[in-house]
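Student: Please take one part of this model and look at it closely. I would like the criteria stated along with the values.

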Amino acid sequence: MPSDPPSHPPSHPLEARHVLEFPGGYTRSTGPVIGRFLTELRDRRIVGVRTAGARVLVPPLEYDPDTGEAVTGEYVEVGPAGTVQAWAWVSAPRPAHPLDRPFAWATIRLDGADTALVHAVDAGGPKAMRPGMRVRPRWRDRTSGTITDIECFVPEVTMITAPIRTEYRVRPGAALTRFLERIGDGVLLGGRCAGCDQVYVPYRTSCPACGALIEEEREVADTGTVTTFAINNLPDPRAPEVPFVSAYILLDGADIPMIALVGGIPAHEVRQGMRVRAVWVPPEERTMSMADIRWFAPTGEPDADLSAGTPGGGA
Ligand SMILES: [Zn+2]
C-alpha cells in the first residue's frame, strides 16, 4: 500500500523511517460483488446489493454484516444524490487525498441505500457542512472502475442569487394627482365619503368601506397621533440613517391612518399615542411627492389616549 514519504527528520534517536509502497500498485481481484460495484461506477452508476432482509448495502458486501448471511445477488441502483450523516473536516489535505483543497470526509447515505458510504465532500468550508445536507457526485471526465471515478460529492443547488432590476414608471390617477398637487402646497388633502362619513387621506375617489363615490375634498391638519410604528434597521435611501421609524399616523380630522416617517426624536422614544406634526421641506424644494414631508416630529403635547377612541376626531 503506498504511503506518503516521510517529510520530517526523525525526532528521536530510536525512531526509524519506513515507506511501504508497491511500485506500480498492488494488484488484487475484486470478487463478484465489489467487481459489479466498480464496473457500474465506470459507467457512472452507483449500485448496492440487497440482503436477505431486504436492506440495500452501499458499497455492496458479500455478506450481510448484521447476520453474516450471503447477500441475495440482486443489485439496486441508488442515488446518485444522497444525504450527509456525519463528517470530519480536512483542513490540510495530503498528497494522496482526492482534493488538493480543504474538504470533508463524510458518511453519505445515497437515496435508496440503507447504509452510508464514505467519500469526500467539496463544500467550500466547514461552515457549509451540516447533517442532512444533500449532495451528489462529481464524476471524473474519465472513469476506470474505481471509487475515485467519483472525484467527490458536491452540495446540491438549493439557492441561487439572480440579478433583478426592473425599471418602470408610475403615473398617478386623478385622485392621487390632486393629492400630490396639494402636497406641493403644503396641504394634506383628504376626501369625505357622504355614504359613511369617513375621511380618507390620501384623497381617493371611491370609498373602500361602502363603495360610494367620494366627491367632497377635505383638507386635514398636518398634525396627528402615532397609532403604530416600526423601528427599521435596514437602510433605505428614502429614509434617514438607521435606525429610523416609520409609523401609521392618524391625522387630526382623518379616520384612517397614513404611513409616514417619524423623525426629530431618538427611535427608541417613539411611542403609540405620541402627538406629531409634519415637517415640510421648504416650498422651493418641493417636488409634489411624499418627500415634501421630511417626516413627522413630536409636537410636545401630552400623548393621546388611543384606547379612548379616535384621537384625532373624525369629521
Ligand atoms: Zn363610505
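Tutor: The account below starts at the zinc ion and then turns to the rest of the chain.

The structure is a predicted model, in which local features need pLDDT of at least 70 and side-chain atom pairs count only at pLDDT 80 or more, while totals for chains, interfaces and linings use all residues. Residues are numbered from 1 along each chain as its sequence is written, and side-chain values use heavy atoms, with hydrogens and water left out.

Four sulfur atoms, the SG atoms of Cys193, Cys196, Cys207 and Cys210, coordinate the zinc ion at 2.2 to 2.3 Å. A donor here is an N, O or S atom within 2.8 Å of the metal (3.2 Å for Na, K and Ca), and water is not among the atoms, so sites may look incomplete. Because the angles subtended by the four donor atoms run from 97 to 123°, the arrangement is tetrahedral; four donors earn that label if all angles lie between 85 and 135 degrees. For reference, the ideal angle for four tetrahedral donors is 109.5 degrees.

The donor residues follow the spacing C-x2-C-x10-C-x2-C in sequence. Cysteine 193, in the loop between strand 9 (188–192) and strand 10 (199–200), and cysteine 210, in the loop between strand 10 and strand 11 (216–220), link distant parts of the chain and are 17 residues apart. Strands are DSSP runs of E with at least two residues and helices are runs of H or I with at least four, both numbered from the N terminus. Cysteine 193 is buried, because its relative accessibility is 0%, whereas cysteine 210 is partly exposed at 41%. Buried means under 20% relative accessible area, exposed means over 50%, and partly exposed lies in between, with a 1.4 Å probe and protein chains only.

The loop between strand 10 and strand 11 also holds proline 202. The peptide bond from valine 201 to proline 202 is cis, with omega near 0°. A second cis bond joins valine 58 to proline 59, with omega near -5°, and proline 59 is in the loop between strand 2 (56–57) and strand 3 (75–78). Most peptide bonds are trans, and most residues other than glycine have a negative phi.

Two residues that are not glycine have a positive phi. Arginine 44, at about 60°, is in the loop between helix 1 (31–42) and strand 1 (46–50) and is partly exposed, with a relative accessible area of 38%. Alanine 54, at about 75°, lies in the loop between strand 1 and strand 2, and at 46% relative accessibility it also counts as partly exposed.

On a wider view, the domain assignment gives domain 1 (31–155) and domain 2 (174–298), with bounds that come from an automatic or database assignment. The centres of domain 1 and domain 2, taken over C-alpha atoms, are separated by 62 Å.

Alanine 278 is in strand 15 (residues 275–280) and is buried, with a relative accessible area of 7%. Between alanine 278 and glycine 191 there are 19 Å in space, C-alpha to C-alpha, and the two are 87 residues apart in sequence.

Key: Tetrahedral: all angles 85-135°; square planar, octahedral: opposite > 155°, others 65-115°.
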